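Reader: I'd like a close look at one part of this model: the aromatic rings and how they sit with one another. Keep it informal, and give me the cut-offs as you go.

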Amino acid sequence: MIGIVVVLLALIVALIAFVARDAVTDSDDVAVGDCVTISGSQAEDNISAAKADCGSDTDFTFYVAQKISGGSCPNDDYSRLYWLRDGEETGEQLCLVPNLTQGECYQIPVGGLPTASLSDYQQVECGAIRSAGTEVLRVDSRTQGQPTCSSAQLGVFFALPNPIGYCLGEP
């Protein structure tokens, strides 16, 4: 009987370790260039991140562009994931770049904080109705550098972690 209990406890510990291995609880859990997924709600203060495959077809991912402590991301186009301790920001944060696929449509938060949330980024059908505080945009092009977009498109460029540019348009 004791042997069965020991085996069950070992299985439970192994399962917890397996599930938690991809959790991102501070900036040391990832490297620049890695990808993460975001879940939860910023409004409910329960955002969580997990390491992910950058080539995933099933999960929306962000590239880790920069790990900083006490500074700020290169510009407002970068999303920011930060940690709290006792209700205060620790200063430790990740600057994130959305990993968008050419030809796909995405719900993208607009307006910045406090209404925008990392969890609002989602791949959606091109005819989807947008949620409050978001826009639905199609990725017309994705380039490894500064994008050249038409006047009807929104050009977005990220220098870090590797130069990537998007031309976004109406679905």
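Author: Let's start with a term: a residue is buried if its relative accessible area is under 20%, exposed if over 50%, and partly exposed in between, using a 1.4 Å probe and protein chains only. F60 has a relative accessible area of 16%, so that residue counts as buried. F62 is buried too, at 1% relative accessibility.

Keep in mind that this is a predicted model: local features need pLDDT of at least 70, side-chain atom pairs count only at pLDDT 80 or more, and totals for chains, interfaces and linings use all residues. Residues are numbered from 1 along each chain as its sequence is written, and side-chain values use heavy atoms, with hydrogens and water left out.

Now the rings. Rings of Phe, Tyr and Trp (its six-membered ring) pair if their centres lie within 6.5 Å; planes under 30 degrees apart are called stacked, over 60 edge-to-face, and the rest tilted. Searching the whole structure turns up six aromatic pairs. One of them joins F60 and F62: the ring centres are 5.1 Å apart and the planes stand at 80°, so this pair is edge-to-face. F60 also pairs with Y121, with centres 5.7 Å apart and planes at 15°, so here the rings are stacked. That stacked pair links distant parts of the chain, 61 residues apart: F60 lies in the loop between strand 3 and strand 4 (62–69), and Y121 in the loop between strand 7 (105–109) and strand 8 (122–124). Both F60 and Y121 are buried. Add Y106 and you have one aromatic cluster, made up of F60, F62, Y106 and Y121.

Where do those strands fit in? Strands (E, at least two residues) and helices (H or I, at least four) are DSSP runs, numbered from the N terminus. The protein chain has one helix and eleven strands, and the helix comes before the strands as you read from the N terminus. Two strands pair if DSSP finds at least two bridges between them. Six strands make an open sheet in the order 1-3-2-4-6-5, with antiparallel pairing. Its edges are strand 1 (23–24) and strand 5 (79–85), each pairing on one side only. Strand 3 (residues 48–52) pairs with strand 1 in the antiparallel sense over two bridges, and A49 in strand 3 is the bridge partner of V24.

For context, buried residues make up 34% of the 171 residues in the protein chain.
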